[in-house]
Amino acid sequence: MVKKRHESLGLSDEAVLDMYETMLLARRIDERMWLLNRAGKIPFVISCQGQEAAQVGAAFALDRSKDYVLPYYRDMGVVLTFGMTAKEIMLSGYAKAEDPNSGGRQMPGHFGQRKNRIVTGSSPVTTQVPHAVGIALAGKMEKKDFVSFVTFGEGSSNQGDFHEGANFAGVHKLPVIFMCENNKYAISVPVEKQLGCEKVSDRAIGYGMPGFTVDGNDPLEVYRVVKEAADRGRRGDGPTLIETVSYRLTPHSSDDDDRSYRAPDEVAAAKTQDPIITFGAYLKEVGVLDDLLESQINNRVMEAVNEATDYAENAPYAAPEHALNYVYGE
Ligand SMILES: Cc1ncc(C[n+]2csc(CCOP(=O)(O)OP(=O)(O)O)c2C)c(N)n1
Ligand SMILES: [Mg+2]
């Protein structure tokens with residue numbers, strides 16, 4: 001029997017199965033959304049596919065009862081781990097009134113849910129970074145014990161907001177975890193044309209914080225490094241920059257055709273590293289998952305996706321006047 005790597009991280013068999021199921025749920029919701037989009041039922045999809053391991057591994061390393069997360073649009077794995085349900089995500093896909101993220105006003109992927117400390121973001125990329133830093137500053141001033149966790153793409157790591165936020169957090173030693181989900185593309189631009197440095201994490205030293213690059217297809221490795229970053233933040237030792245390297249398995253969004261800028265062979269090669277498959281294989285190798293349990297998990301996930309789809313499809317839209325609510329002070 002192969003050694004259980006997760007045990008050395010303090011993760012039980014139950015916990016890693018929970019991680020796997022959450023990754024799978026994110027994947028299957030995402031796949032369903034593409035079908036619904038192509039069937040003309042929902043307007044837009046922006047996928048988590050290929051990044052579930054990084055998202056779920058990271059979110060499991062946080063304290064879901066007190067930490068704040070400022071996810072970006074691909075982070076379905078983060079918000080599912082923090083308590084958003086399949087039904088709630090599907091309600092946002094259909095832009096229905098009951099969508100907790102924005103009542104159907106924002107595009108899908110603009111996650112926000114106060115009760116789970118998922119902080120809503122805006123469409124200009126990277127604006128969530130200074131927000132996360134501000135939340136960490138507030139926590140430090142009020143002597144609270146939470147960390148704030150913010151994610152963004154590698155393309156977004158070139159925006160001024162990233163550099164300003166990272167510098168401020170470094171100067172003031174704030175409990176922030178900056179996690180860059182490097183999926184090798186910013187829409188059509190490959191990573192080689194985005195960064196002058198080799199790794200996004202190389203930038204950490206410039207802001208006085210540790211920086212790490214890890215395999216984003218390995219949820220256990222991401223868990224380990226985010227857990228250490230959270231501990232560092234809680235001890236008062238300041239922020240951390242983490243880069244998770246994976247691959248965007250879908251086009252940028254449902255409005256993009258990636259065949260115009262990358263070879264199908266490249267995508268096919270990346271699919272052999274698909275974290276859903278590789279993590280499933282690890283769990284089987286160490287004897288935590290078998291075929292029976294796998295089919296039970298699959299059935300449970302598909303039932304949740306089907307129920308969420310039916311519920312959201314039949315849910316009412318907001319009244320047209322609702323669009324004017326909360327735009328100006330009420
Ligand atoms: C400030 C700003 N510029 C441009 C855009 C348009 N845009 C949306 S997503 C995106 C690519 C971002 O790439 P990356 O940060 O690598 O994230 P990924 O989509 O690959 O996860 C761009 C350019 C935007 N939303 N905001
Ligand atoms: Mg990218």
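How far is an oxygen atom of ligand 1 from an N or O atom in the side chain of Glu154? In this predicted model, the distance between that ligand oxygen and the side-chain atom of Glu154 is 3.1 Å, and the first close-up shows the surroundings of this contact.

**Figure 1. Polar contacts and shell of ligand 1.** Besides the contact with the side chain of Glu154 at 3.1 Å, an oxygen atom of ligand 1 lies 2.7 Å from an N or O atom in the side chain of Arg74, and a backbone N or O atom of Gly155 is found 3.0 Å from an oxygen atom of the ligand. Ligand 1 has 590 Å² of accessible area on its own, and the protein covers 72% of this area. There are 16 residues around the ligand, of which Tyr72, Tyr73, Arg74, Ser156 and Tyr185 come nearest. Sorted by class, this shell consists of seven nonpolar, seven polar and two charged residues.

**Figure 2. Aromatic pairs between separate parts of the chain.** The count of aromatic pairs in the model comes to nine. One of them joins Tyr68 and Phe146 in a tilted arrangement, with 4.8 Å from centre to centre and 55° between the planes. Because Tyr68 belongs to strand S1 (residues 68-70) and Phe146 to the loop between H6 and strand S2 (148-153), this pair ties together parts that are 78 residues apart in sequence. Tyr68 is partly exposed, with a relative accessibility of 26%, whereas Phe146, at 11%, counts as buried. A further pair, formed by Tyr185 and Tyr247, is edge-to-face, with the ring centres 6.1 Å apart and an angle of 90° between the planes. Here Tyr185 is in strand S4 (residues 185-186) and Tyr247 in the loop between strand S7 (240-245) and helix H9 (264-271), so that the pair ties together parts 62 residues apart in sequence. Both of these tyrosines, Tyr185 and Tyr247, are buried, and Tyr185 is also among the residues that come nearest to ligand 1. Elsewhere, ring pairs link Phe152, Phe162, Phe178 and Tyr207 into a cluster.

**Figure 3. Helix H8 and its two ends.** Helix H8 covers residues 219-235, and because its 17 residues should span 24 Å at 1.5 Å a residue, the separation of 24 Å between its end C-alpha atoms agrees with the expected value. At the start of the helix, a side-chain oxygen of Asp218 reaches to within 3.0 Å of the backbone nitrogen of Leu220. Just after the helix, Gly236 adopts a positive phi of about 90°. The buried residues of H8 include Pro219 and Leu220 at the beginning of the list, Val222, Tyr223, Val225 and Val226 further along, and then Ala229, Ala230, Arg232 and Gly233.

**Figure 4. Positive phi angles in two loop residues other than glycine.** Lys143 has a phi near 55°, a positive value in a residue that is not a glycine, and its place is in the loop between H6 and S2. With a relative accessible area of 74%, Lys143 is exposed. Ile187, likewise not a glycine, has a positive phi of about 50° and is located in the loop between S4 and strand S5 (189-190). The relative accessible area of Ile187 is 42%, a value for which the residue counts as partly exposed.

**Figure 5. The polar contact between Glu52 and Arg27.** Glu52 is placed in helix H3 (residues 52-60), and at 0% relative accessibility this residue counts as buried. The side chain of Glu52 makes a polar contact with the side chain of Arg27, at a distance of 2.5 Å.

**Figure 6. Lys115 and Val305, each with a residue elsewhere along the chain.** Lys115 lies in the loop between helix H5 (86-93) and helix H6 (128-141) and is exposed, with 61% relative accessibility. Lys115 and Phe82 are 33 residues apart along the chain, and their C-alpha atoms are separated by 9.8 Å. Val305, found in helix H11 (residues 291-314), is buried, with a relative accessible area of 1%. For Val305 and Glu321, 16 residues apart along the chain, the C-alpha separation is 31 Å.

How values were computed:
Residues numbered from 1 in each chain as written. Chains lettered and ligands numbered in written order. Predicted model: local features only at pLDDT ≥ 70, side-chain atom pairs only at ≥ 80, totals over all residues. Heavy atoms only, no water. Helix = DSSP H or I, 4+ residues; strand = E, 2+ residues; numbered from the N terminus. Expected span 1.5 Å × (residues − 1). Buried < 20%, exposed > 50% of the residue type's maximum accessible area, 1.4 Å probe, protein only. Polar contact = N/O pair within 3.5 Å; in protein donor to acceptor, adjacent residues only side chain to side chain. Near = heavy atom within 4 Å. Areas by Shrake-Rupley, 256 points an atom, 1.4 Å probe, with all protein chains shown as cover. Nonpolar A, V, L, I, M, F, W, Y, C, P; charged D, E, K, R; others polar. Phe/Tyr/Trp six-rings, centres within 6.5 Å; stacked < 30°, edge-to-face > 60°.
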